[in-house]
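User: Please walk me through this model. I want each label set against its definition.

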Amino acid sequence: MSASPTRTPGSGDPGGVAGVLAWGLRLAASLLLLVMMIVTFVDVVGRYVFNAPLAGAYELTEVLLALVVFIGLPIVTFRREHVTVDLVTSRLPAVLRRGLAVLAGVVVLLVLAVLAWRLGLLAIDFTEYGDTTVNLKIPLGPVAAVMAVLAALSALAALLVLFRR
């Protein structure tokens with residue numbers, strides 16, 4: 001019988017439902033990145049070889065990029081992999097560093113919760129007005145709704161990280 005590896009906060013993915021969710025998010029982000037690469041490749045080849053760029057490539061890339069960023073947000077938040085700069089805090093006493101880390105966690109939680117709320121309202125507005133992209137007519141309501149749900153998942157991840165401390 002082998003010993004199971006120990007997990008440290010931020011060192012890996014969670015187990016159970018959260019682990020399956022993280023795996024699904026990584027898979028979705030990977031697939032969207034693949035589609036974005038294919039769109040860009042076809043657009044570049046069409047533009048420079050055939051003098052006929054892919055219609056709507058710019059819009060599609062915008063939507064895909066927004067979704068990739070928001071899909072990655074819950075993963076990055078749960079694994080505590082946000083960009084941090086510790087030029088000043090590394091010299092502070094441990095107690096103060098922990099207090100600042102908790103304060104930063106609360107700020108991240110609040111920002112993500114407000115972002116989810118505002119994106120949810122924006123999704124409702126986009127849906128009610130029938131807003132779409134200009135050329136491809138991609139409906140923006142569902143895109144904003146997915147982004148709102150992902151921001152809410154990120155806020156939940158921030159809350160879990162905060163309690164894990």
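**Fold and helix packing**

Analyst: Take contacts in the protein chain between residues at least 6 apart in sequence: 71% of them join residues at least 24 apart. Contact means heavy atoms within 4.5 Å. This is a predicted model, where local features need pLDDT of at least 70, side-chain atom pairs count only at pLDDT 80 or more, and totals for chains, interfaces and linings use all residues. Residues are numbered from 1 along each chain as its sequence is written, and side-chain values use heavy atoms, with hydrogens and water left out.

User: What makes up the secondary structure of the protein chain?

Analyst: There are 4 helices and 0 strands. From the N terminus the order is α-α-α-α. Both kinds of element are DSSP runs numbered from the N terminus: helices are H or I with at least four residues, strands are E with at least two.

User: Why is the protein chain called more spread out than a compact globule?

Analyst: Its radius of gyration is 20 Å, well over the 15 Å from the globule rule for 165 residues, so the label follows. The radius is taken over C-alpha atoms, and the rule is 2.2 Å times the number of residues to the power 0.38. Along the principal axes, the C-alpha atoms fill a box of roughly 60 × 45 × 40 Å.

User: How much of the protein chain counts as buried?

Analyst: 29% of the 165 residues. Buried means under 20% relative accessible area, with a 1.4 Å probe and protein chains only.

User: Why are H1 and H2 called roughly antiparallel?

Analyst: The axes of H1 (residues 16-48) and H2 cross at roughly 160 degrees and come within 9 Å. Angles over 145 degrees count as roughly antiparallel, so H1 and H2 earn that label. Axes are lines fitted to C-alpha atoms, for helices over the stretch in contact, and angles run from 0 to 180 degrees between N-to-C directions. The H1 contact residues include Leu25, Leu32 and Val39, and those of H2 include Leu60, Leu64 and Ile71. By class, the contact has 18 nonpolar, 2 polar and 2 charged residues.

User: How do you know that H2 is roughly parallel to H4?

Analyst: The axes of H2 (residues 57-78) and H4 (residues 140-164) cross at roughly 15 degrees and come within 7 Å. Under 35 degrees counts as roughly parallel, so H2 is roughly parallel to H4. Among the contact residues are Phe70 and Phe78 of H2 and Met147 and Arg164 of H4.

Key
Angles under 35 degrees count as roughly parallel, over 145 as roughly antiparallel, 65 to 115 as roughly perpendicular and the rest as oblique. Buried means under 20% relative accessible area, exposed over 50%, partly exposed in between (1.4 Å probe, protein chains only). Ala, Val, Leu, Ile, Met, Phe, Trp, Tyr, Cys and Pro count as nonpolar, Asp, Glu, Lys and Arg as charged, and the others, Gly among them, as polar.
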